[in-house]
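Student: Please take one part of this model, the protein surface that lies near the DNA, and go through it closely. I would like a single connected account.

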There are 2 protein chains.
Amino acid sequence: MSEKITIYDIAEKLNITAATVSRALNNNPKIKESTRELVLKTAASMNYKQNKLALALKSGRSNNIGVIVPRIDSNFFASVIRGIEEELHPHGYQVIICQTHEDPKRENENLYTLIDAQVDGIIMSVTDVTNENDGAFHNVLQKNVPLIFFDRSKHIEGVSSVTINDFKGGYITTKHLIDEGCRSIAHFSGDQSLEIFKNRFLGYKQALLDNGMTFKEEYVIRTKSSVDAGKEAIDTLLKLETPPDALFSSSDFAALGAIQELKERNISIPNEFCVAGFSNEPFTKFMELSITSVDQSPLEMGKMSARVFLEQVDKTNTIKIEKKVVLAPELHIRKSSSRTNF
Amino acid sequence: MSEKITIYDIAEKLNITAATVSRALNNNPKIKESTRELVLKTAASMNYKQNKLALALKSGRSNNIGVIVPRIDSNFFASVIRGIEEELHPHGYQVIICQTHEDPKRENENLYTLIDAQVDGIIMSVTDVTNENDGAFHNVLQKNVPLIFFDRSKHIEGVSSVTINDFKGGYITTKHLIDEGCRSIAHFSGDQSLEIFKNRFLGYKQALLDNGMTFKEEYVIRTKSSVDAGKEAIDTLLKLETPPDALFSSSDFAALGAIQELKERNISIPNEFCVAGFSNEPFTKFMELSITSVDQSPLEMGKMSARVFLEQVDKTNTIKIEKKVVLAPELHIRKSSSRTNF
DNA sequence: TACTTTCGTGTAATCGATTACATAAAAGTT
DNA sequence: AACTTTTATGTAATCGATTACACGAAAGTA
């Protein structure tokens, strides 16, 4: 019933060799037109399907690309993956998904597994920069498999990356809050070992200094990216002697937590307190009190990563290309920080 | 540099044959303990990695499973995929993602591509039941590749499915609205050719009838799953001679649109009007006016689908098993429909 | 001692497709 | 006619691993 038709079956039926069949199917110009047509017709009638595994083994290319993300069920990562899939699909690549759950061990394991599976490239967002076990990464590079980081990257020679300008994201958001009249702006930061959070913080700080405002260490709180973490953090800030009157959060979820807590205390947003987040999660624009946030254009990031991969995949044996693409962040100003008009 | 170490390299180094190396690596009991240890040690020192493609070609199993979804960047599908990945990862399977964008042509194409890629199984959510081109599906079944539908399924003999009890979801939600004192409940439905929407509608209708309320055709509106579609639809309803005082929407997004429009008209929720959605999208619980919604436990649905696949994958040559798993929906009651206490 | 088992390893086919090289037939050239 | 070139196809190796079968050596049995 489930007969697997191979080129040998076709060859046998037509009394020719598999080599001829293969050539006919691949439009090799050395094949007589009549035989080609005959082979093509026979192949179709026998419902022949090329075995990609055999092809992959022979050619050394699997036409699969691995994508490693902390988790897939976050709007940001899902959108990036969507971008990657859409850009790569027309080129015949399939996307294999791996999750790390922020565990460096899983990250290494995934890298090894993907290499074992002979993927033609790996696009990933790093989990933990402090992961000292570079072995897995070097294993990838040594095998000449193109490696591309997106969003969260690591400094490894010969590795391309697609990120957004997080510094600018932090800067323009903070500047916006200043423009709205906020005078003491706090910041929720993330794991400072990750470049993205460090740069958002640096952009925030620079914007303060450039606009004649003082930077206060106590206004910077390291939080996890969750609603509860945001509630806790804002609580700490409000207990200060001189509490802030605005917040730039590196996480939309933490920003939401802060907003919920502020409302609880009857602090009016945006009049008494302005809030801005980061990532432009879908809910930020759905809220009644919509939340200002920085968009990272994840779809574009995914597509760009895929394009960088495509550029590299064929040249992999020549020179190591190291391409750093930096996308521009886009601030979406919404009610949570709009004192002027809305 | 990027030397690919094979069992032949190990064999050569040790002056034995590749067969022996293979057997040693696979813990074949016929191998002398000393040789096994020697091979294992040498393999490790040479950094040998088994070529999965060769293995796949030989064994006919790729250890890849294909997942087809309309789109990946929706919380529901992303969560299902997460569940699948987490359940299958320990078994050594990799997950290949395909998107259909609700296009039956893409659906067929993806099916063929996955079969070409020799996946060991396919887990999918159908795009369009009216898709008459069953060829792709039968091609899968004929090749004895386990096929599992989740959420949106199609009636095909020999195909297992994992769904939720949408009828019950519609029923309990409608009953809840009745219990809150609503007397004329409207319904936003989706594409009635999809079982899920038909069943939610039927559950809604039955709940009305069981509770002595009249079912009105004019209260049922077919909408797309978007905020704008919800706004439009509620507008239509409010123009009726006797407008409804509650809404059960098959889509959270449409429910949100309705809520935004109701607020615009200063209709108080939940006092004057109750709203409930479906899918339990993250934003429904984040809103200040949180939205009542039916949870479909997508993570569990993904895991269950994966388990059904695992059950079938080995028995595929024996009897065709057709397993229908139906998960229970869970109503999350929130502010948008809670008149009593919150 | 002669014969049978057991053990450990080698030989070679196989999975399905591609392709360098060889070769026979056809066509072109002088 | 003799020779060269072109065309179309066949032969066989290759990608890397697995495994049925074969076989020599060691061990066990009578």
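Tutor: A polar contact here is a pair of N or O atoms within 3.5 Å. By that criterion, a polar side-chain atom of Lys58(B) lies 3.5 Å from a base oxygen of DNA strand C. This is a predicted model, in which local features need pLDDT of at least 70 and side-chain atom pairs count only at pLDDT 80 or more, while totals for chains, interfaces and linings use all residues. Residues are numbered from 1 along each chain as its sequence is written, chains are lettered from A and ligands numbered from 1 in the order in which they are written, and side-chain values use heavy atoms, without hydrogens and water.

Chain B also reaches the phosphates: a backbone N or O atom of Lys32(B) is 3.1 Å from a phosphate oxygen of DNA strand C, and an N or O atom in the side chain of Thr35(B) lies 3.1 Å from a phosphate oxygen of that strand. Around DNA strand C there are 26 residues (each with a heavy atom within 4 Å of it), and those that come nearest are Ile7(A), Ser22(A), Tyr48(A), Thr20(B) and Lys58(B). Looking from the DNA side, 59% of the strand C atoms within 4 Å of the protein belong to sugar or phosphate, and the rest belong to bases.

At least two residues of this surface come from each of the helices (DSSP runs of H or I, at least four residues) α1 (7-14), α2 (18-25) and α4 (52-59) of chain A, and likewise from each of α2 (18-25) and α4 (52-59) of chain B. By class, the surface near DNA strand C has 10 nonpolar, 9 polar and 7 charged residues, with Asp, Glu, Lys and Arg counted as charged, Ala, Val, Leu, Ile, Met, Phe, Trp, Tyr, Cys and Pro as nonpolar, and the others, Gly among them, as polar.

Methods:
A polar contact is a pair of N or O atoms within 3.5 Å; within protein, one must be able to donate a hydrogen and the other to accept it, and residues adjacent in sequence count only if both atoms are side-chain atoms.
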